[in-house]
Amino acid sequence: MASRRIAQSSVNWAALAERVPPNQKANLAAFKTKSDKYLRSVVANPETPPKIDWSFYKKNVPVAGMVDKFQKAYEGLQIPYPADNVTKLVEAQEKEVQQEITKFVKESEVRISDYQTQIATLKALLPFDQMTMEDFKDSFPEQALDPINRPSFWPHTPEEQEPGAPNAEPHH
């Protein structure tokens with residue numbers, strides 16, 4: 001009987017383990033151990049409280065009314081099952097996360113298509129080891145050296161240029 005009530009809330013540990021990142025496997029194992037310990041303690045107890053032979057106690061207890069008082073209290077004892085007020089919050093959070101995932105996937109698809117376009121453009125270029133300086137200037141005019149319009153000093157990096165020069169790095 002006890003296993004029937006637990007089976008409804010059982011966890012598919014194999015499916016969960018597939019989704020857990022490698023650096024969190026130890027935490028999952030610790031959680032599974034605690035869950036199994038709790039499950040064993042629940043299963044060890046019966047689903048319903050044990051039946052008491054009240055007639056035996058009525059015959060053997062000399063104090064009048066004491067057994068009746070205990071029987072009334074025992075049979076009147078109701079342990080309420082905790083109300084589930086967290087599932088709705090978890091479901092709402094799951095919907096929010098699902099929307100964020102959908103948004104991220106759409107944004108990622110846009111980035112992927114942009115990157116694929118860039119890769120196609122680079123593949124269409126002449127290989128860098130076969131390019132001349134003129135080919136490089138035609139393909140990447142903003143990065144190529146231009147001694148006429150943008151003179152620079154060796155090693156032609158922005159931090160090595162004179163302040164105020166077109167290629168200079170701004171001073172802060």
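1. Let's start with a pocket. The second largest pocket in this structure has a volume of about 220 Å³. Please keep in mind as you look around that the model is predicted.

2. Which residues line the second largest pocket? Pro 49, Pro 50, Lys 51, Ile 52 and Trp 54 are among them, and so are Tyr 74, Glu 75, Leu 77, Gln 78 and Ile 79. Sorted by character, the lining of this pocket holds seven nonpolar residues, one polar residue and two charged ones.

3. One of those lining residues, Ile 79, deserves a second look. Ile 79 sits in the loop between H5 and H6. Is Ile 79 buried or exposed? Ile 79 counts as exposed because its relative accessibility is 72%, and the cut-off for that word is over 50%. Try finding Asp 53 too: in sequence Ile 79 and Asp 53 are 26 residues apart, while in space 21 Å lie between their C-alpha atoms.

4. Asn 85 can be found in the loop between helix H5 (66-76) and H6. With a relative accessibility of 57%, Asn 85 also falls in a named class: it counts as exposed. If you trace from Asn 85 to Pro 158, you pass along 73 residues of sequence separation, and the C-alpha atoms of the two are 60 Å apart in space.

5. Now for confidence. The chain has a mean pLDDT of 85, and 90% of its residues reach 70 or more. Where among the elements is the mean pLDDT lowest, and where is it highest? Helix H1 (residues 2-7) has the lowest value, 51, and helix H6 (residues 87-124) has the highest, 95. Please read helix H1 with that value of 51 in mind.

6. The chain is divided into three parts that you can colour separately: domain 1 covers 13-45, domain 2 covers 51-78 and domain 3 covers 87-141. Taken over C-alpha atoms, the centres of domain 1 and domain 3 are separated by 38 Å.

7. Next come the aromatic rings. Five aromatic pairs turn up in a search of the whole structure. One of them joins Phe 136 and Phe 140, with 5.2 Å from centre to centre and 40° between the planes, and this pair is tilted. Phe 128 joins Phe 136 and Phe 140 in one aromatic cluster.

8. How exposed are the two rings of that tilted pair? Phe 136 is partly exposed, with a relative accessible area of 23%, whereas Phe 140 is buried, at 16%. The labels differ because buried means under 20%, a limit that falls between the value of 23% for Phe 136 and the value of 16% for Phe 140.

9. Finally, visit Asp 146, in the segment after helix H7 (133-139). Why does Asp 146 count as buried? Asp 146 has a relative accessibility of 12%, and buried means under 20%. Asp 146 and Asn 27 are 119 residues apart in sequence, and their C-alpha atoms are 58 Å apart in space.

How values were computed: Residues numbered from 1 in each chain as written. Predicted model: local features only at pLDDT ≥ 70, side-chain atom pairs only at ≥ 80, totals over all residues. Heavy atoms only, no water. 1 Å grid on protein atoms, 1.4 Å probe; cavity = no way out; pocket = protein on both sides within 12 Å on 5 of 7 lines; lining within 4 Å. Points joined across faces, edges and corners; volume = space filled by probe spheres on them. Nonpolar A, V, L, I, M, F, W, Y, C, P; charged D, E, K, R; others polar. pLDDT = per-residue confidence, 0-100. Helix = DSSP H or I, 4+ residues; strand = E, 2+ residues; numbered from the N terminus. Domains from an automatic or database assignment. Phe/Tyr/Trp six-rings, centres within 6.5 Å; stacked < 30°, edge-to-face > 60°. Buried < 20%, exposed > 50% of the residue type's maximum accessible area, 1.4 Å probe, protein only.
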